[in-house]
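User: I am new to this structure. Please take a close look at the ligand site and walk me through it.

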Amino acid sequence: MGEIRLSVVAPCYNEEAVLRDFHKRMSRACRFATGEDHEIILVDDGSSDTTWSLIEALADEDAHVVGVRLFRNHGHQLAVTAGLSVAKGDRVLLIDADLQDPPELLSKMMRIMDGGADVVYGQRAARMGESTFKLASAALFYRLLNKLSAVPIPRDTGDFRLMNRTVVDILRGMPEQHRFIRGMVSWIGGRQVPMPYVREPRFAGVTKYPLRKMIAFATDALTSFSTVPLQLAVWLGLMSGVFAFLILSYAVLQWMLGNVVPGWASSLVAISFFSGVQLIVMGVFGEYLGRVVQEMKRRPLFTIASIRQAGISTPLPADYYKLGVAEQGALLEQRFLKVSG
Ligand code: UDP
Ligand code: MG
């Protein structure tokens with residue numbers, strides 16, 4: 001069991017424009033749901049604007065705030081993972097800092113969890129202020145993912161969810177570098193209950209998910225939840241085998257009829273077709289192989305520069321990164337998290 005009732009984890013990457021409003025609305029929602037027994041963990045994911053000094057200021061004004069500063073930008077999913085590693089609550093709420101997920105829904109999620117759920121996840125009944133391209137690509141992506149993955153991953157969900165301590169501990173124990181948290185939580189199982197909500201437009205600032213990051217995120221999701229694309233080679237191989245047989249029969253027939261000279265066009269087509277197929281298959285292998293290489297290195301998932309709470313900044317001890325993941329967690333708990341509001 002955790003030491004306090006609720007931890008909120010919000011990743012923040014260049015969110016200076018929204019942080020104050022987020023803090024105001026989030027702490028009001030926490031007070032309403034749990035009274036004083038909560039902490040709000042703001043993870044600065046290597047921002048280049050004033051996000052960290054704002055978080056420091058918030059941590060100094062409000063003892064419920066725990067600021068965690070990463071050394072550099074590790075990306076949304078790892079920033080959330082860093083936040084989870086310091087969260088002490090019996091329950092943990094994951095929420096974006098840009099107020100697209102309304103903090104006011106916390107009470108409702110807590111009530112659903114009181115009824116016995118292990119996870120309460122937000123499911124977008126509507127999404128406001130998103131481009132048609134984002135909506136269409138997301139719909140297509142979740143269809144494909146569910147076709148390919150053995151674990152059903154609910155569509156129209158993000159990482160906005162409330163989890164109990166058991167689920168959080170299992171999640172923390174999952175060591176992969178390429179994390180698709182909403183899928184990993186589905187994989188854990190237990191009683192997972194959807195809560196439909198209207199996703200608001202971003203309150204201020206711009207999206208931190210340009211197309212490039214969206215593609216990387218989708219590839220991570222597919223490769224970590226399905227190995228079906230690896231079988232692509234077999235299917236394409238069979239298909240092109242049939243195709244090659246047809247071409248061969250045609251060639252033999254022409255040879256028997258004495259038409260031996262023409263045919264450079266059909267060879268050219270066949271060569272380029274087969275080399276295209278081979279390159280695609282090699283590319284798919286490469287995506288998986290690259291991830292195997294990265295997982296094998298067993299690097300830490302994130303690097304914490306310092307933690308700020310109740311007016312005190314604590315750097316990590318020098319030997320922190322020599323420890324295994326479990327020891328790192330234990331050390332964080334001992335050294336930094338005793339001071340609490
Ligand atoms: N974020 C982060 N690191 C990143 C990108 C995003 O911590 O590298 C945070 C961001 O500050 C926000 C959340 O992840 O709190 C979701 O990002 P965003 O709102 O930009 O994505 P979108 O809602 O547009 O998909
Ligand atoms: Mg957003």
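Analyst: Here is the ligand site, followed by the cysteines and the domains.

This is a predicted model, in which local features need pLDDT of at least 70, side-chain atom pairs count only at pLDDT 80 or more, and totals for chains, interfaces and linings use all residues. Residues are numbered from 1 along each chain as its sequence is written, chains are lettered from A and ligands numbered from 1 in the order in which they are written, and side-chain values use heavy atoms, with hydrogens and water left out.

Start with ligand 1. It is surrounded by 19 residues, each having a heavy atom within 4 Å of it. The closest are Glu15, Asp45, Asp98, Thr207 and Lys208. By class, the shell holds nine charged residues, five polar and five nonpolar. Here Asp, Glu, Lys and Arg count as charged; Ala, Val, Leu, Ile, Met, Phe, Trp, Tyr, Cys and Pro as nonpolar; the others, Gly among them, as polar.

Now the polar contacts, meaning pairs of N or O atoms within 3.5 Å. Gln100 places a polar side-chain atom 2.6 Å from an oxygen atom of ligand 1. Ala97 uses a backbone N or O atom, 3.0 Å from a ligand oxygen. For Arg199, a side-chain N or O atom is 3.2 Å from an oxygen of ligand 1. Taken alone, ligand 1 exposes 530 Å², and the protein buries 95% of that. Areas come from the Shrake-Rupley method with a 1.4 Å probe.

Next, the magnesium ion, ligand 2. Its protein donors are Asp98 (OD) and Gln100 (OE1), 1.9 to 2.0 Å away. A donor is an N, O or S atom within 2.8 Å of the metal (3.2 Å for Na, K and Ca); water is not among the atoms, so sites may look incomplete. Asp98 is buried at 3% relative accessible area. Gln100 is buried too, at 8%. Buried means under 20%, exposed over 50%, partly exposed in between (1.4 Å probe, protein chains only).

Beyond the site, there are zero disulfides, a disulfide being two cysteine sulfur atoms within 2.5 Å. The sulfur of Cys12 has its closest cysteine sulfur in Cys30, 14 Å away, so it is too far for a bond. Cys12 is buried at 0% relative accessibility. Cys30 is likewise buried at 0%.

Finally, the domains. Domain 1 covers 4-126 + 158-210 + 301-335, and domain 2 covers 228-297. These bounds come from an automatic or database assignment. Their C-alpha centres lie 47 Å apart.

Note on methods: A polar contact is a pair of N or O atoms within 3.5 Å; within protein, one must be able to donate a hydrogen and the other to accept it, and residues adjacent in sequence count only if both atoms are side-chain atoms.
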